[in-house]
Every structure is written in structure tokens, then in C-alpha cells.
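Work through the exercises below with the sequence and the coordinates at hand, and try each task before reading its solution.

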Amino acid sequence: MSTDLGVTPAPTKAAAAATASVAAVSPLPGVPKPDPILVVDNIVRQFGGMTAVNVPHLEVQRGIITALIGPNGAGKTTFFNLITGFDKPSSAPRLIGGPKSDHAARSMFNGRSVNNMGAAKVAQRGMVRTFQLTKALSRLTVLENMLLGAKDQPGENLFAAVIKPLWAAREREITAQAEDLLQRFKLLEKKNDMAGSLSGGQKKLLEMARALMSEPTMIMLDEPMAGVNPALTQSLLGHIKSLRDEGMTVLFVEHDMHMVRHISDWVVVMAEGKVVAEGPSATVMDDQAVIDAYLGAHHDTDLGDDSLLTDEVAEELAKEVELENRTEGDA
Ligand SMILES: Nc1ncnc2c1ncn2[C@@H]1O[C@H](COP(=O)(O)OP(=O)(O)O)[C@@H](O)[C@H]1O
Ligand SMILES: [Mg+2]
């Protein structure tokens with residue numbers, strides 16, 4: 001038993017292009033990128049007296065897979081929420097009493113300002129983040145979950161609902177789109193099952209499939225591997241790479257350093273709310289500042305060196321897989 005991610009196949013054309021697109025970029029925090037899809041400035045978030053996030057400048061290169069890593073409490077999730085409009089920076093511009101304009105939070109997505117924009121609008125612009133399926137959505141079927149992810153849902157537009165033929169045509173269209181995606185994620189035969197009955201790994205796949213219903217330009221995944229058994233890891237990795245290969249930009253937060261090493265074109269490291277390092281994954285993960293950032297916060301963090309995989313850990317993983325296979329029958 002091992003968590004070996006398999007023989008690394010030759011990089012696809014898109015993968016090689018992604019690597020090449022940032023090859024000349026210096027590995028420095030906040031460094032400009034040749035073709036950034038997302039540019040953020042002065043992103044600060046305080047909770048009481050505590051500064052959870054303080055990022056003066058960050059750029060995310062278009063069309064590549066960027067990993068955001070860092071110890072627990074580094075501010076990764078908060079940062080995700082801030083850039084996708086689910087949370088508001090403390091440094092957001094205000095009519096009265098806000099920060100000076102050159103210190104105010106600013107975000108540009110795909111060449112347009114998304115300053116102070118809520119999550120729904122940010123999603124409409126093409127930047128979508130995934131969430132763990134909530135309890136309420138567990139009581140919907142897999143297909144219903146997918147339809148909720150669609151753009152321009154007929155049920156939400158009263159006017160369209162009145163014009164029945166338009167409604168029906170659009171519903172057929174999004175149902176077909178949903179079924180295509182479910183097929184791709186090997187969830188089609190579960191389309192009428194309750195989302196709550198899926199295994200942890202299948203929920204992650206559904207989450208990703210649902211996010212794709214809105215045809216995003218950039219997809220943000222918060223710990224896509226959490227709760228996924230190693231048997232499904234490979235398939236999730238493949239899906240994430242193929243999103244990139246189809247031209248999507250991927251930004252993901254992940255604890256699993258093996259995965260980060262294997263699929264990221266670029267890695268951004270946060271510690272104590274700040275970006276402390278960024279660069280190509282091989283460079284960054286052997287960087288002393290990065291190792292210090294991890295070791296400072298918790299000593300047992302595995303930076304993805306397979307030699308750290310002890311027999312004990314391997315045995316635990318094997319048990320986990322066996323258990324999940326028995327109870328869930330994961331595809
Ligand atoms: N809603 C909140 N209220 C108060 N503190 C919070 C809140 N959300 C996050 N924090 C704090 O902000 C810091 C960063 O948290 P988080 O963004 O979840 O880190 P990460 O995702 O890197 O583990 C932590 O110290 C956390 O306790
Ligand atoms: Mg988090």
C-alpha cells in the first residue's frame with residue numbers, strides 16, 4: 001500500500017504551456033505575472049484585534065493551476081472568501097472613514113474591477129468557488145444540485161417562467177449539460193440519489209461538477225482532497241488537471257503536499273496572514289522560508305516527501321480505503 005500517485009505521464013501540451021508561461025517569473029511574494037487573470041491589492045481582514053489576512057499585492061496567472069498552501073490558521077480560507085466576495089476586506093473603500101484610496105482593497109478579475117462585489121456577481125463574472133455540500137443540499141438529488149449551479153435558472157426568472165416554451169427549452173438544455181458533467185465525473189447513475197448519500201469523495205466530485213455548471217473562467221477549490229479516500233484522489237487530480245487543460249484557471253487550497261507537488265504549476269505560501277513565498281512548486285517546497293513557515297506553526301507537517309510515509313501511516317490509509325470501499329462502493 002502506498003499513496004503513490006502513479007507514474008507521472010508526459011505533460012500534456014497545456015501543462016507544458018502552463019509551466020512555460022511562468023518559467024521566467026521570479027519566485028518572490030507579490031511578483032507580477034505575464035498574463036494575470038486576478039490581481040488583488042491591499043487585502044486586509046481583521047477579526048477583533050487579530051489580522052487574519054494582510055496581502056499587499058498578489059497576481060494569479062491565467063490558465064494555470066496555482067496552489068495556496070500554508071499552516072492551519074494562515075488565512076487561506078479567509079483570503080479565498082475575500083477574493084470571491086463571500087467576505088469583505090477590513091480595508092474595503094468606504095465613503096466615510098475608510099482607508100486612503102491608495103491603501104484601499106482593490107481586485108481586478110479578467111481585466112475588470114470586482115471591488116466590493118458580492119459573491120453572486122463575482123460568480124457571474126466567471127470566478128466560482130466550491131463549498132462542502134451543506135445539509136440542505138444533501139436532501140436534494142444529485143441532479144437537482146447540478147441544476148442549482150446553472151446560470152440563468154428558469155425557476156429564478158419570473159418572466160421566463162411565464163413564457164413556458166422558453167422555460168422548457170432552457171430546462172432541457174441545462175439538464176443535458178448537467179448530465180454531460182455527471183457522466184464526466186462518473187456520477188450519472190447516481191443522478192436521482194440524494195446528495196447526502198454520496199461518499200465524501202463523490203461529494204467532492206459533485207461539488208466540482210456543480211461549479212462547472214456556470215461555465216466559470218476561474219475555479220477556486222478549498223481543500224478538494226479533504227475527506228477523499230486515496231482511491232479517489234487520482235481521479236480528482238485528473239479532473240483538476242483537465243480543467244486547466246481546457247483553459248480554465250484553477251486556484252486551490254490544499255493540505256496534501258503530495259498533491260500540491262504533483263499538480264501545481266505555481267505555489268503561493270501563506271503564513272500568519274501574509275504571502276511569505278511563491279514560485280514553481282519544486283522551487284517553493286524546498287525553500288527554507290517555506291519550511292520554516294510550516295515548522296514554526298506545526299512540527300509534523302509533511303511537505304510531500306514520500307520518505308516520510310511510515311508503515312503506520314500506510315496501514316491507516318489502507319484501512320481507510322477498505323472501509324470506504326465496503327460502506328460506500330465508491331466508483
Ligand atoms: N469569522 C471569524 N471570526 C474570527 N476569527 C476568524 C474568523 N474566520 C477566521 N478567523 C481566524 O482567522 C485566522 C485565519 O483563519 P483561516 O482563514 O480559516 O485559516 P486557514 O484556512 O489558512 O486555516 C485564524 O486565526 C482564524 O481563527
Ligand atoms: Mg482553511
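**Exercise 1.** Is α2 mostly covered or mostly exposed, and how many of its residues are buried?

*Solution.* The model is a predicted one, and a residue is counted as buried here if 20 or more other C-beta atoms lie within 10 Å of its own. Applied to α2, this cut-off leaves the helix mostly covered, with six of its eight residues buried. The buried residues of α2 are K76, T78, F79, F80, L82 and I83. Just after the helix, G85 takes a positive phi of about 80°.

**Exercise 2.** Determine which residues surround ligand 1, and which helix gives the most to that shell.

*Solution.* Begin with the list: the residues around ligand 1 are F47, A52, G70, N72, G73, A74, G75, K76, T77 and T78. Next, assign them to elements, which shows that helix α2, spanning residues 76–83, gives the most to the shell, with three residues. Finally, sort the shell by class, which yields three nonpolar residues, six polar ones and one charged one. Two residues of the shell, K76 and T78, also appear among the buried residues of α2.

**Exercise 3.** Describe the largest nonpolar core and the surroundings of A209.

*Solution.* The largest nonpolar core has 76 residues, and those with the most contacts inside it are A209, M220, V267 and V269. This core draws at least three residues from each of domain 1 (13–126 + 216–328) and domain 2 (132–215). Turning to A209, and not counting residues up to four places away in sequence, one finds that it touches M146, L181, L182, F185 and L187.

**Exercise 4.** Why does R139 count as exposed, and which residues is it in contact with beyond its neighbours within four places in sequence?

*Solution.* First locate R139, which is in the loop between α4 (135–138) and α5 (142–148). R139 counts as exposed because it has 11 C-beta neighbours inside 10 Å, and the cut-off for an exposed residue is 12 or fewer. Leaving aside neighbours within four places in sequence, R139 is in contact with M194 and G196. R139 and M194 are 55 residues apart in sequence, yet 5.7 Å apart in space, C-alpha to C-alpha.

**Exercise 5.** Which elements have the lowest and the highest mean pLDDT, and where does pLDDT stay under 50?

*Solution.* For the protein, the mean pLDDT is 82, and 79% of its residues reach 70 or more. Among the elements, helix α6 (residues 158–162) has the lowest mean, 50, whereas strand β2 (residues 50–61) has the highest, 97. Over residues 305–309 pLDDT stays under 50, and for these residues the model has four contacts beyond four places in sequence.

Note on methods
Residues are numbered from 1 along each chain as its sequence is written. Chains are lettered from A and ligands numbered from 1 in the order in which they are written. This is a predicted model: local features need pLDDT of at least 70, side-chain atom pairs count only at pLDDT 80 or more; totals for chains, interfaces and linings use all residues. A nonpolar core is a set of buried Ala, Val, Leu, Ile, Met, Phe, Trp, Tyr and Cys residues joined through C-beta atoms within 7 Å. Domain bounds come from an automatic or database domain assignment. Two residues are in contact if their C-beta atoms, placed from the backbone, lie within 7 Å. A residue is near a molecule or strand if its C-beta atom, placed from the backbone, lies within 6 Å of it. Helices (H or I, at least four residues) and strands (E, at least two) are DSSP runs, numbered from the N terminus. Ala, Val, Leu, Ile, Met, Phe, Trp, Tyr, Cys and Pro count as nonpolar, Asp, Glu, Lys and Arg as charged, and the others, Gly among them, as polar. pLDDT is the predictor's confidence in each residue, from 0 to 100.
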